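Me: Could you take me through one part of this protein in close detail? I work at the bench, so a friendly, residue-by-residue account would suit me well.

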Amino acid sequence: MTTELVNIQPLYQPVKMSGEMAVFSPEVEAEIDWHLAKYPSKRSAILPIMFIVQRERGYLDGPGVSYLANRLSLRITDIWEVATFYSMLHTKPIGQYHIQVCKTLSCKLLGADKITEQCSQKLGIKPGETTADGKFSLSLVECLGSCGTAPMFQVNFDFHENLTTEKVDQILDSLP
Ligand code: FES
C-alpha cells in the first residue's frame, strides 16, 4: 500500500524502562491473552506478542524479554534467538520514526544513494544510527518489494515511493 504524508504515527510512546520484568496494563494483557488463545501452543504466538511488547517498550529490552519468556513458557535464549533473527524486531533502542531506505538494485539504480545522503544530512545521522533525542533512526534495508516505484523508503509502517529530494524533504518535515 502506498501512503503519502498521511498521519504517520510514532512506533511507540517513550516509556520508563526499569525493573526485571515488564509489567503491562490490563488492556495490553487482554490483547496478549487474545493472541495466546488462538494457538494450541503458546510458542506459536511468539511473533504477535513480541510485536506488542516492542510496541509497549520501544524495543525488546531485558525486562520485555523476561516477560516474554515467562508468558510463553520459553527460555530467555529462545526469545533472543527470535528477536535477533527478524529485522522488524529491535533489541536496541530505535527512534520513534524508523526510516528504512531500500538499497537494492532498482532503488539503487534510481537514486537510493542520493535519498540516503539526503536523510543523513537532514537528520544528522548515518545509516544504523539514531538521533540523540531518540526521535529518528535511519537504516538501509534490502528490497521492500516495491521495485516498480523505486526509489522508495519505509517510515514506520508506511511506504513512500517514487521519491525525489523534494518528496523526502516534505515527508521528513511532516513528522511531528
Ligand atoms: S529494489 Fe527497492 S523496493 Fe525492491
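What follows is my request about one part and a connected reply.

Me: I would like to look closely at the salt bridge between Glu29 and Arg71. Where do Glu29 and Arg71 lie, and is Arg71 buried or exposed? Please add whatever helps me place this pair in the rest of the chain.

Reply: Happy to! Please keep in mind that this is a predicted model, and that the values below are computed from it.

Let's begin with the pair itself. The closest N and O atoms of Glu29 and Arg71 are 2.7 Å apart, and the two residues form a salt bridge. Glu29 belongs to helix 1 and Arg71 to helix 3, so this contact ties together parts that are 42 residues apart in sequence. As for your second question, Arg71 has a relative accessible area of 18%. The cut-off for buried is under 20%, so Arg71 counts as buried.

There is a further partner to keep in view. Asp33 joins Glu29 and Arg71 in a network of salt bridges. When you zoom in, then, it helps to display Glu29, Asp33 and Arg71 together.

Now step back to the two helices that carry your pair. Helix 1 covers residues 26-36 and helix 3 covers residues 62-72. They pack with their axes 12 Å apart, at an angle of about 45°. An angle between 35 and 65 degrees falls outside the parallel and perpendicular classes, and helix 1 and helix 3 are therefore oblique to each other. Their crossing is right-handed.

Following the chain onward from helix 3 brings you to Ser73, in the loop between helix 3 and helix 4, the latter being residues 76-83. Ser73 is not a glycine, yet its phi is positive, at about 55°. In contrast to the buried Arg71, Ser73 is exposed, with a relative accessible area of 53%.

Another residue with a positive phi is Asn162, at about 50°, and again this is not a glycine. Asn162 sits in the loop between strand 4 and helix 7. With a relative accessible area of 41%, Asn162 is partly exposed.

How does your salt bridge fit into the whole? A search of the structure turns up 10 salt bridges. Among the others is the one between Lys103 and Glu142, where the closest N and O atoms are 3.4 Å apart. That pair links distant parts of the chain, 39 residues apart: Lys103 is in the loop between strand 1 (97-102) and helix 5 (105-109), while Glu142 is in the loop between strand 2 (136-141) and strand 3 (153-155). Lys103 is partly exposed, at a relative accessible area of 39%.

A further salt bridge joins Asp169 and Lys122, with 3.2 Å between the closest N and O atoms. Here too distant parts of the chain are linked, since Asp169 lies in helix 7 (residues 165-174) and Lys122 in helix 6 (residues 112-123), 47 residues apart. Asp169 counts as partly exposed at 30% relative accessibility, and Lys122 counts as partly exposed at 35%.

The loop that holds Glu142 deserves a second look. Pro151 also lies between strand 2 and strand 3, and a cis peptide bond joins Ala150 to Pro151, with omega at about -5°. Further along, Asp158 is found in strand 4 (residues 158-160) and, at 15% relative accessibility, counts as buried. The C-alpha atoms of Asp158 and Ile99 are separated by 9.8 Å, although the two residues are 59 apart along the chain.

For a contrast with the charged pairs, turn to the nonpolar surface patch made by Phe51, Phe85, Tyr86 and Met88, about 420 Å² in area. Phe51 comes from helix 2 (residues 46-57) and is partly exposed, with a relative accessible area of 33%.

Finally, here is the overall frame. The protein contains seven helices and four strands, which run α-α-α-α-β-α-α-β-β-β-α from the N terminus on. The C-alpha trace spans about 50 × 30 × 30 Å along its principal axes, and 44% of the 176 residues count as buried. Arg71, the residue you asked about, is buried, and its salt bridge to Glu29 connects helix 3 with helix 1.

Note on methods
Residues numbered from 1 in each chain as written. Predicted model: local features only at pLDDT ≥ 70, side-chain atom pairs only at ≥ 80, totals over all residues. Heavy atoms only, no water. Patch = residues over 30% accessible without salt bridge, like charges linked within 9 Å, V, L, I, M, F, W, Y side chains within 5 Å. Areas by Shrake-Rupley, 256 points an atom, 1.4 Å probe, with all protein chains shown as cover. Salt bridge = Lys/Arg side-chain N within 4 Å of Asp/Glu carboxyl O. Helix = DSSP H or I, 4+ residues; strand = E, 2+ residues; numbered from the N terminus. Buried < 20%, exposed > 50% of the residue type's maximum accessible area, 1.4 Å probe, protein only. Axes fitted to C-alpha atoms, helices over the stretch in contact; angles between N-to-C directions. Parallel < 35°, antiparallel > 145°, perpendicular 65-115°, else oblique. Left-handed = near helix turned anticlockwise from the far one by under 90°.
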